[in-house]
Amino acid sequence: MYNFQYANPTRICFGEGQIASLPALIPPGSRLLVLYGGGSIRQNGVYEQIRQALAGMEWQEFSGISANPRYERLMEAVELVKRERIDFLLAVGGGSVVDGTKFVAAAACYEGDDPWDICANQADVARALPLGCVLTLPATGSESNPTAVVSRGDAKISFRTPLVQPQFAVLDPTTTYSLPARQTGNGVVDAFVHVTEQYLTFPVGGEVQDRLAEALLQVLVDNGPRALQEPDNYQVRANLMWAASLALNGLIGCGVPQDWASHAIGHQLTALYGLDHGQSLAVVLPSLLRERAAQKQEKLAQFAGRVWHSTREDKALRIEEAIIRTEQFFQQMGLPTRLAAYDLGESCIPAICSNLKRVGRTALGEQQDIDTDVVARILVRAL
């Protein structure tokens, strides 16, 4: 196991009715901005809960943060923050709203010429506004980590700084009851791939991390399909919400190698062709695992036995069974695993590879040995 340091300062407020705890979480006297997405929180009752919880506090709101939050819209929020001297941000929604709010928190304090440099050039973030969140879509884990992804044009780029780690995250599973099946499926697959990016690499003796990762994967496999059939099942939704948060709060990645190639490739599918983030991962991961089976064989064989309970003696057959079972799980969650399902053919591959080169992502994977030639082979497998 590699050396590591770990701390997660985000306070988790988990369970039904926890939105009411907001007054105790937001500093008294804050000039507060509530940021949210397309308005679903007004339909599912979350907005009313927020309004009641914030009664007596001074606050404003900013809506319209989309999936794969757009730089241009976020900069409108930055202007509002500066104009109204906002000093605390509250994100209400899924991971995209949280990611967008993180960018607003950093960009509002950025002293350089172009805030896009925070993403495009990984510019240092010296200051950021404090923020918290109320999560309504478990998927990205953004509610308890220091990372965000922002889109501009055909670029989708992440940035990371501890200064945008949420101070608190309210996780009420009942807020997820009304999610469309597509969003539930995307969220479960996103969380699943977050785990595999930190788990399906090569062994370094991280037994605790492996067992935690395997437990999270099994919880997602057991509860994901049930959420589609029983959307109002509190225990199912609670386990999915907590699993998605633990999948990317830094814990299972401590002291082990990490991959993230599926995400890098998937981001290009989203930026260029509009696939949902979860959809892009469902397409890329199985084909990447097949392409890299030799490099990942020890962990893939372990994955096959411990998560998918394969008893095949032949290691190659055991690994292929695990990949097939993973594909079937993604499909069960409503997400296709082939580019053809999105009317994409071989002609999309050069554009994806070109975009990776443009954003400097040409040495991917836990060994940094996935170049654009390997990416092209992965995408051919995904046709």
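**Exercise 1.** Find the residue of strand β8 that is the bridge partner of Arg11.

*Solution.* Step 1: in this predicted model, the partner of Arg11 in β8 is Phe168. Step 2: move from residues to strands (DSSP E runs of at least two residues, numbered from the N terminus). Strand β1, residues 11-14, runs parallel to β8 and is joined to β8 by four bridges; pairing requires at least two DSSP bridges. Step 3: look at β5, residues 131-137, which also pairs with β8 in the parallel sense, over three bridges. Here Cys133 has Ala169 of β8 as its bridge partner.

Numbering starts at 1 along each chain as its sequence is written. Local features need pLDDT of at least 70, side-chain atom pairs 80 or more, totals for chains, interfaces and linings use all residues, and side-chain values use heavy atoms, without hydrogens and water.

**Exercise 2.** Decide which residues cover the two faces of β8.

*Solution.* Step 1: β8 spans residues 168-171, with Phe168 and Val170 on one side. Step 2: Ala169 and Leu171 lie on the other side. Step 3: these four residues are all buried, that is, under 20% relative accessible area (1.4 Å probe, protein chains only; exposed is over 50%, partly exposed in between).

**Exercise 3.** Two non-glycine residues, Asn68 and Arg85, have a positive phi; work out whether each is buried or exposed.

*Solution.* Step 1: Asn68 has phi of about 55 degrees and sits in the loop between β3 (59-62) and α4 (71-84). Because its relative accessibility is 18%, Asn68 counts as buried. Step 2: Arg85, with phi near 55 degrees, belongs to the loop between α4 and β4 (88-94). Its relative accessibility is 58%, so Arg85 counts as exposed.

**Exercise 4.** Describe how helices α12 and α13 meet.

*Solution.* Step 1: the axes of α12 (297-306) and α13 (315-332) come within 8 Å and cross at roughly 65 degrees. Step 2: list the contact residues (heavy atoms within 4.5 Å). From α12 they include Leu300, Ala301 and Phe303, and from α13 they include Ile319, Ala322 and Thr326.

**Exercise 5.** Sketch the protein as a whole: how many helices and strands does it have?

*Solution.* Step 1: there are 15 helices (H or I runs, at least four residues) and eight strands. Step 2: the C-alpha atoms fill a box of roughly 65 × 45 × 45 Å along the principal axes. Step 3: of the 383 residues, 57% count as buried. Step 4: among contacts with a separation of 6 or more, 78% join residues 24 or more positions apart.

Definitions and conventions. Axes are lines fitted to C-alpha atoms, for helices over the stretch in contact, and angles run from 0 to 180 degrees between N-to-C directions.
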